[in-house]
Amino acid sequence: MRIIICDDYPVIVKNLIRDIKQIVPQAECAGFSKAKEAQEYALKNTADVAILDINMPEISGLTLAQIIQKKNPRVNIIFVTGYPEYALEAHELYASSFLVKPVTAKALKKAFENLRNPVANLTGDVIQNFYEGKIRLGTNIRRLRAERDLSVQEFADAMGVTAQTVYRWENNERLPDIVKLVVISDFFGVDIRTLLR
């Protein structure tokens with residue numbers, strides 16, 4: 001997961017990165033105290049999440065969010081600000097979350113748990129390992145389904161797929177797409193990495 005953090009106070013950027021590393025240890029964080037630098041980075045790199053202060057010199061967080069969203073419409077925007085009156089404008093940009101400073105680790109964790117566009121932490125290695133037979137995703141899906149006492153058809157209905165698709169997943173003939181993996185992990189209440197072990 002790649003995360004951009006931008007706030008004109010460097011200490012806030014540092015604290016947010018510290019808290020994010022506790023919440024999402026594998027995250028790649030790029031922190032900026034100047035909006036122009038964050039903009040340059042965002043135009044060259046695709047981010048999954050952008051945590052932006054709203055009231056900044058040069059470029060406001062709202063404008064920066066629009067620039068980032070133009071490059072990547074699926075980016076999750078989390079606004080952090082000392083000005084709650086910006087909430088409506090943030091809502092109009094379909095932000096994932098709006099946090100009022102001082103931001104607590106608990107509030108930040110909740111924001112990551114409720115991203116508008118969930119982020120799957122899948123790497124090329126994971127996909128390659130699946131196709132080489134080193135990941136038994138199907139075995140895990142079958143076990144979790146059995147623990148819930150669900151038939152193949154009941155699980156298929158819950159996932160919005162056919163029973164044949166579930167059969168292929170469970171027999172490692174097909175890998176669910178990334179969005180469906182997120183849905184499956186949410187359905188069973190397990191992390192995607194656990195699902196893939």
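**A walk around strand β4**

Let's start with one pair of residues: Asp53 sits opposite Val80, a residue of β4. Keep in mind that you're looking at a predicted model. The strand that pairs with β4 here is β3, residues 49-53, and the two run parallel, joined by five bridges. To get from one to the other, follow helix α3 (residues 61-71): β3, α3 and β4 together make a right-handed β-α-β unit.

Now look at the neighbor β5, residues 97-100. This strand also runs parallel to β4, with four bridges joining the two. If you want a landmark for that pairing, find Ile78, which stands opposite Ser97 in β5. The connection again involves a helix: β4, α4 (residues 87-92) and β5 form a right-handed β-α-β unit.

So how enclosed is β4 itself? The strand covers residues 76-81, and six of its six residues are buried, so the rest of the structure largely encloses it. Look at the side chains and you'll see them split: Asn76, Ile78 and Val80 point one way, while Ile77, Phe79 and Thr81 point the other way, and all of them are buried.

Time to turn to the charged side chains. Side chains of opposite charge can pair when their charged atoms come close. Searching the whole structure turns up eight salt bridges. One of them joins Glu28 to Arg2, with 3.1 Å between the closest N and O atoms. Glu28 belongs to strand β2 (residues 28-32) and Arg2 to strand β1 (residues 2-6), so this contact ties together parts that lie 26 residues apart in sequence. Glu28 is partly exposed, at 41% relative accessible area, and Arg2 is partly exposed too, at 23%.

Another salt bridge pairs Arg18 with Asp19, and here the closest N and O atoms are 3.2 Å apart. Arg18 is partly exposed at 48% relative accessible area, whereas Asp19, at 12%, counts as buried.

For a further example, find Arg142 and Glu170, whose side chains meet in a salt bridge at 3.9 Å, N to O. This pair links distant parts of the chain, 28 residues apart: Arg142 is in helix α7 (residues 137-147) and Glu170 in helix α9 (residues 163-170). Arg142 counts as partly exposed at 31% relative accessibility, but Glu170 is buried, at 4%. Finally, salt bridges with shared partners connect Asp7, Asp53 and Lys101 into one network. That brings us back to Asp53, the residue opposite Val80 where we began.

Methods:
Residues numbered from 1 in each chain as written. Predicted model: local features only at pLDDT ≥ 70, side-chain atom pairs only at ≥ 80, totals over all residues. Heavy atoms only, no water. Buried < 20%, exposed > 50% of the residue type's maximum accessible area, 1.4 Å probe, protein only. Pairing = 2+ DSSP bridges. Right-handed = clockwise from strand over helix to strand, strands pointing away. Salt bridge = Lys/Arg side-chain N within 4 Å of Asp/Glu carboxyl O.
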